[in-house]
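Biologist: I'd like to learn how to read a sheet in a model like this one. Can we go through it together?

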Amino acid sequence: MRAMIIKELRLIRKDRRSFFFLLLMPILFIAMFGTIFNSAGGDSSSVSIRTIDQDQSAASQAFVKQMQGIMDVKLESASSLNDQVDKMKQGQFSAMLVIPAGFEKAMKEGSPADIQLYQDPTAQTELAPIQAILSSISSQYREQKLTDVLLAKGDSKEQAEQALASPIQIKDVATTSDHISYMDSMVPSMTVMFVFYIMITMARRFFDEKKTGLLSRIRSTRVKPLQYLVGMWVPFILTVIAQCVVLFAFGHFVYDVKLGDVAALTLIVLSLSICGTGIGLGLSFLVPGEGAAMVITQVIAMGGAMLGGLWVPSYLLPQSVQTVGHFLPQYWALHSLQNIIAHGAHLGDVAGPALILLTFGAAGLLVAFFRLPGFLRSAAN
């Protein structure tokens, strides 16, 4: 069995297609998403809005300056309103703020000073933070106005502040470790998704052995079915472990992903490796050919990623989809990895998910064990 393990490891090392699916492709995905979504990090300047100041007054300029302290404000010429609206309709940006003429006059008179927010109704996700910021600035202006009224009536500044203080205070209670970024979620997601592509390599190896006649010769040796399966299985487990190590190391050194408890992370990586390769082992003896294995692997990897919350957080999915996701190994692998990285989970916290992943792997081994005799007979024929 040792010779079989060494042989498989050498063959896997020479397999360039496996290198592409297991390492190069996930690294490209991580780098692509990291470049697109992580470049801005948590900087508030990532919220951007085009602004046209038609009033050109001290009050309008003060309003613009206040916005610039919170988000990226791109000032446009007052005469370009129609051109900017046309660009918005073409999808070049999602929102534009217009401070109309008479803004300062209305404020001095105590009348409502209207500000126009042009918005693309198809981009509500991008508009939400802009609307929240504008609402906050509006509240600040309202509080300042009330303060001035109270001071004019003879109240002291302390009395005015006490009168305007909210009776409710909201305190933030963090449930995650410090410095959590987008990539702390993306790296585990991509790692879990691409682990299951090992099934393509596994199916190809078994069908290659069938074509070359090696499986036929195995029947005449003293190698027992379970020994053969384990001898073929272990190299792929080691391959997936190496894949996970490389991807997490890439995320840690390139994107500063915090790995958390290394012992807990090791347990999940080992369990995930056994799970993915165990399912691949069973799949290799169920499908009629290499082409079918590739199609089914795509369904398992991509479908599991979608239903298991690898692409979109599970809580955003419909309840029925969330229920289905709880029966998939991808959900438990990602959930436990995120708990380790984001919530500081330890060995005891991820023991349950690890057991579930190991159960999937054992089920795959069991299927392969019972299907192997028929596979060997077909090879002999």
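Biologist: Let me start with one residue: which residue in β2 is the bridge partner of I49?

Modeller: V73 is the bridge partner of I49 in β2. Keep in mind that this is a predicted model. Zooming out from that pair, strand β1 (residues 48–53) runs parallel to β2, with 5 bridges joining them.

Biologist: In what order do the strands of the sheet come?

Modeller: Read the order from one edge across to the other: β2-β1-β3-β4, an open sheet of 4 strands with mixed pairing. From one strand to the next, the twist averages 30°.

Biologist: And why is one side of β2 and of β4 left without a neighbour in the sheet?

Modeller: Look at how many partners a strand has. Both β2 (72–76) and β4 (116–119) are edge strands with a single partner strand each, so one side of each has no neighbour in the sheet.

Biologist: Which helix packs on the sheet, and which strands does that helix touch?

Modeller: That's helix α6 (residues 124–152), which touches β1, β3 (95–99) and β4. For orientation, compare directions: α6 makes about 170° with β4.

Biologist: What about the chain as a whole: how many helices and strands are there?

Modeller: Count 16 helices and 4 strands. For burial, take under 20% relative accessible area as the cut-off; 42% of the 381 residues are buried.

Biologist: How much area does the protein chain expose, and what share do carbon and sulfur atoms supply?

Modeller: The exposed area is about 20,700 Å², with 60% of it from carbon and sulfur atoms.

Key:
Residues are numbered from 1 along each chain as its sequence is written. This is a predicted model: local features need pLDDT of at least 70, side-chain atom pairs count only at pLDDT 80 or more; totals for chains, interfaces and linings use all residues. Side-chain values use heavy atoms; hydrogens and water are left out. Helices (H or I, at least four residues) and strands (E, at least two) are DSSP runs, numbered from the N terminus. Buried means under 20% relative accessible area, exposed over 50%, partly exposed in between (1.4 Å probe, protein chains only). Accessible areas come from the Shrake-Rupley method with a 1.4 Å probe; for residues, only the protein chains shown count as cover. Two strands pair if DSSP finds at least two bridges between them. Axes are lines fitted to C-alpha atoms, for helices over the stretch in contact, and angles run from 0 to 180 degrees between N-to-C directions. Contact means heavy atoms within 4.5 Å.
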